[in-house]
Amino acid sequence: ELIPGVERELHQRPDRSARIFYGYSNGAGFGATLLNRHPSLIGTFICYSTLGSKASENTWDPEITYPRLYLQYGDQEGQAFKQEAELLQEKYREVDSFCDLKSFDGAHDIAKWNEAFTKTISLILAKS
(Lines give C-alpha, C1' and ligand atoms only; values in the text may rest on other atoms or scores of the structure.)
Protein backbone atom coordinates (compact mmCIF):
# COMPACT_ATOMS: atom_id res chain seq x y z
CA GLU A 1 0.00 0.00 0.00
CA LEU A 2 2.76 2.45 0.92
CA ILE A 3 4.86 2.26 -2.25
CA PRO A 4 1.97 2.62 -4.76
CA GLY A 5 0.54 5.50 -2.70
CA VAL A 6 3.86 7.36 -2.64
CA GLU A 7 4.38 6.74 -6.36
CA ARG A 8 0.93 8.15 -7.17
CA GLU A 9 1.34 11.15 -4.86
CA LEU A 10 4.81 12.02 -6.17
CA HIS A 11 4.04 11.11 -9.81
CA GLN A 12 6.72 8.42 -9.99
CA ARG A 13 6.93 5.47 -12.37
CA PRO A 14 5.16 2.57 -10.70
CA ASP A 15 7.66 -0.16 -11.39
CA ARG A 16 10.40 -2.07 -9.64
CA SER A 17 13.22 -0.73 -11.80
CA ALA A 18 12.63 2.84 -10.61
CA ARG A 19 12.89 1.93 -6.90
CA ILE A 20 16.19 2.09 -4.99
CA PHE A 21 16.80 0.97 -1.40
CA TYR A 22 19.72 2.38 0.60
CA GLY A 23 20.79 1.16 4.01
CA TYR A 24 23.87 0.73 6.15
CA SER A 25 24.77 -1.51 9.08
CA ASN A 26 21.57 -3.11 10.44
CA GLY A 27 19.56 -1.16 7.82
CA ALA A 28 21.64 -2.84 5.13
CA GLY A 29 20.98 -6.20 6.79
CA PHE A 30 17.26 -5.44 6.63
CA GLY A 31 17.64 -4.54 2.93
CA ALA A 32 19.48 -7.77 2.17
CA THR A 33 16.69 -9.75 3.84
CA LEU A 34 14.03 -7.71 2.03
CA LEU A 35 15.58 -8.31 -1.40
CA ASN A 36 15.59 -12.03 -0.71
CA ARG A 37 12.03 -12.27 0.59
CA HIS A 38 10.46 -9.78 -1.85
CA PRO A 39 12.70 -9.71 -4.93
CA SER A 40 10.08 -8.12 -7.18
CA LEU A 41 9.46 -5.09 -4.94
CA ILE A 42 12.58 -2.94 -5.46
CA GLY A 43 14.98 -3.02 -8.41
CA THR A 44 18.24 -1.85 -6.84
CA PHE A 45 19.71 -2.21 -3.37
CA ILE A 46 22.66 -0.27 -2.00
CA CYS A 47 23.86 -1.91 1.22
CA TYR A 48 26.92 -0.75 3.15
CA SER A 49 28.55 -2.51 6.10
CA THR A 50 25.80 -5.10 6.01
CA LEU A 51 25.05 -6.84 9.27
CA GLY A 52 22.23 -9.24 10.13
CA SER A 53 21.09 -10.22 6.63
CA LYS A 54 20.64 -13.92 7.48
CA ALA A 55 21.84 -14.64 3.94
CA SER A 56 22.94 -18.16 4.88
CA GLU A 57 19.51 -18.98 6.34
CA ASN A 58 17.41 -17.57 3.48
CA THR A 59 16.27 -19.61 0.50
CA TRP A 60 17.78 -18.44 -2.80
CA ASP A 61 15.78 -19.47 -5.87
CA PRO A 62 17.87 -19.90 -9.04
CA GLU A 63 14.71 -19.24 -11.10
CA ILE A 64 14.52 -15.66 -9.77
CA THR A 65 16.57 -12.72 -10.98
CA TYR A 66 17.21 -10.85 -7.76
CA PRO A 67 17.48 -7.05 -7.61
CA ARG A 68 20.77 -5.38 -8.49
CA LEU A 69 22.92 -5.28 -5.36
CA TYR A 70 25.70 -2.82 -4.58
CA LEU A 71 27.62 -3.88 -1.47
CA GLN A 72 30.47 -2.13 0.32
CA TYR A 73 32.23 -2.59 3.63
CA GLY A 74 35.12 -0.80 5.31
CA ASP A 75 38.54 -2.42 5.22
CA GLN A 76 38.97 -1.42 8.88
CA GLU A 77 35.69 -3.01 10.02
CA GLY A 78 35.60 -6.40 11.70
CA GLN A 79 35.78 -9.62 9.70
CA ALA A 80 32.03 -10.14 10.15
CA PHE A 81 31.27 -7.30 7.70
CA LYS A 82 33.60 -8.68 5.05
CA GLN A 83 32.30 -12.22 5.51
CA GLU A 84 28.66 -11.17 5.28
CA ALA A 85 29.31 -9.17 2.09
CA GLU A 86 31.23 -12.06 0.54
CA LEU A 87 28.45 -14.49 1.49
CA LEU A 88 25.84 -12.28 -0.19
CA GLN A 89 28.07 -12.01 -3.25
CA GLU A 90 28.38 -15.80 -3.37
CA LYS A 91 24.60 -16.28 -3.05
CA TYR A 92 24.12 -13.82 -5.91
CA ARG A 93 26.67 -15.65 -8.00
CA GLU A 94 24.83 -18.93 -7.38
CA VAL A 95 21.53 -17.46 -8.66
CA ASP A 96 23.20 -15.58 -11.53
CA SER A 97 22.16 -12.08 -10.39
CA PHE A 98 24.10 -8.79 -10.42
CA CYS A 99 26.18 -7.96 -7.35
CA ASP A 100 28.89 -5.31 -7.17
CA LEU A 101 31.09 -5.78 -4.09
CA LYS A 102 33.72 -3.26 -3.04
CA SER A 103 35.53 -2.22 0.09
CA PHE A 104 36.25 1.34 1.11
CA ASP A 105 39.12 2.78 3.12
CA GLY A 106 37.70 3.17 6.59
CA ALA A 107 35.68 1.77 9.44
CA HIS A 108 32.00 1.66 10.48
CA ASP A 109 31.46 5.35 9.72
CA ILE A 110 28.48 7.32 8.36
CA ALA A 111 30.79 9.82 6.63
CA LYS A 112 32.34 6.97 4.63
CA TRP A 113 28.90 5.54 3.79
CA ASN A 114 27.69 8.94 2.58
CA GLU A 115 30.79 9.35 0.44
CA ALA A 116 30.37 5.89 -1.07
CA PHE A 117 26.62 6.43 -1.57
CA THR A 118 27.24 9.60 -3.60
CA LYS A 119 29.53 7.69 -5.95
CA THR A 120 27.26 4.66 -6.24
CA ILE A 121 24.01 6.55 -6.80
CA SER A 122 25.71 8.74 -9.41
CA LEU A 123 26.84 5.61 -11.24
CA ILE A 124 23.37 4.04 -11.06
CA LEU A 125 21.55 7.17 -12.22
CA ALA A 126 24.00 7.73 -15.08
CA LYS A 127 23.07 4.26 -16.39
CA SER A 128 19.34 4.90 -16.32
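This passage describes the strands, helices and selected residues of a predicted model.

The strands provide a starting point, and strand β3, which comprises residues 68–74, is mostly covered, since six of its seven residues are buried. On one side of the pairing pattern, strand β2 (residues 44–48) and β3 are joined in the parallel sense over five bridges, and within this pairing Y48 has Q72 of β3 as its bridge partner. Strand β3 is also joined to strand β4 (residues 99–104), with which it runs parallel, and six bridges link the two; here Y70 stands opposite D100 of β4. The connection between these last two strands involves a helix, as β3, helix α3 (residues 79–94) and β4 together form a right-handed β-α-β unit.

Helix α2 covers residues 26–37, and its length can be checked against a simple expectation. With 12 residues at 1.5 Å a residue, α2 should span 16 Å, and its end C-alpha atoms are indeed 16 Å apart, so the two values agree. The buried residues of this helix are A28, G29, G31, A32, T33, L34, L35 and N36, and the elements that cover them include β1, β2, β3 and α3. Among these residues, A32 has a relative accessible area of 1% and is therefore buried, given that the cut-off for this class is under 20%. When neighbours within four places in sequence are set aside, A32 is in contact with C47, T50, S53 and L88. The C-alpha atom of A32 is separated by 9.9 Å from that of A85, although the two residues are 53 residues apart along the chain.

Just before α2, S25 is found in the loop between β1 and α2. S25 counts as buried because its relative accessibility is 15%, which falls under the 20% cut-off. Leaving out residues up to four places away in sequence, S25 touches Y48, S49, T50, L51, H108 and W113. With H108, moreover, the contact is polar and runs from side chain to side chain, at 2.9 Å.

Helix α4 (residues 110–127) can be examined in a similar way: its 18 residues, at 1.5 Å a residue, should span 26 Å, and the separation of its end C-alpha atoms is 26 Å, which agrees. In this helix, W113, A116, T120, I121 and I124 are buried. These residues lie on the same side of α4, because they cover an arc of only 130° around the axis. The buried residues of α4 pack against β1 (20–24), β2, β3 and β4, whereas the face turned away from the buried side carries the exposed residues K119, L125 and A126. At the N-terminal end of α4, D109 acts as a cap, with a side-chain oxygen that lies 2.9 Å from the backbone nitrogen of A111.

A contrasting case is given by E1, which is placed in the segment before α1 (2–9). E1 has a relative accessible area of 89% and is therefore exposed, as this exceeds the cut-off of 50%. Between E1 and R13, which are 12 residues apart in sequence, the C-alpha to C-alpha distance is 15 Å. Taken together, these residues show both classes of accessibility, with A32 buried and E1 exposed.

Conventions:
Residues are numbered from 1 along each chain as its sequence is written. This is a predicted model: local features need pLDDT of at least 70, side-chain atom pairs count only at pLDDT 80 or more; totals for chains, interfaces and linings use all residues. Side-chain values use heavy atoms; hydrogens and water are left out. Helices (H or I, at least four residues) and strands (E, at least two) are DSSP runs, numbered from the N terminus. Buried means under 20% relative accessible area, exposed over 50%, partly exposed in between (1.4 Å probe, protein chains only). Contact means heavy atoms within 4.5 Å. Two strands pair if DSSP finds at least two bridges between them. A crossover is right-handed if, with the strands pointing away from the viewer, the path from the first strand over the helix to the second runs clockwise. The expected span of a helix is 1.5 Å times one less than its number of residues. The arc is that of the directions from the helix axis to the C-beta atoms. A polar contact is a pair of N or O atoms within 3.5 Å; within protein, one must be able to donate a hydrogen and the other to accept it, and residues adjacent in sequence count only if both atoms are side-chain atoms.
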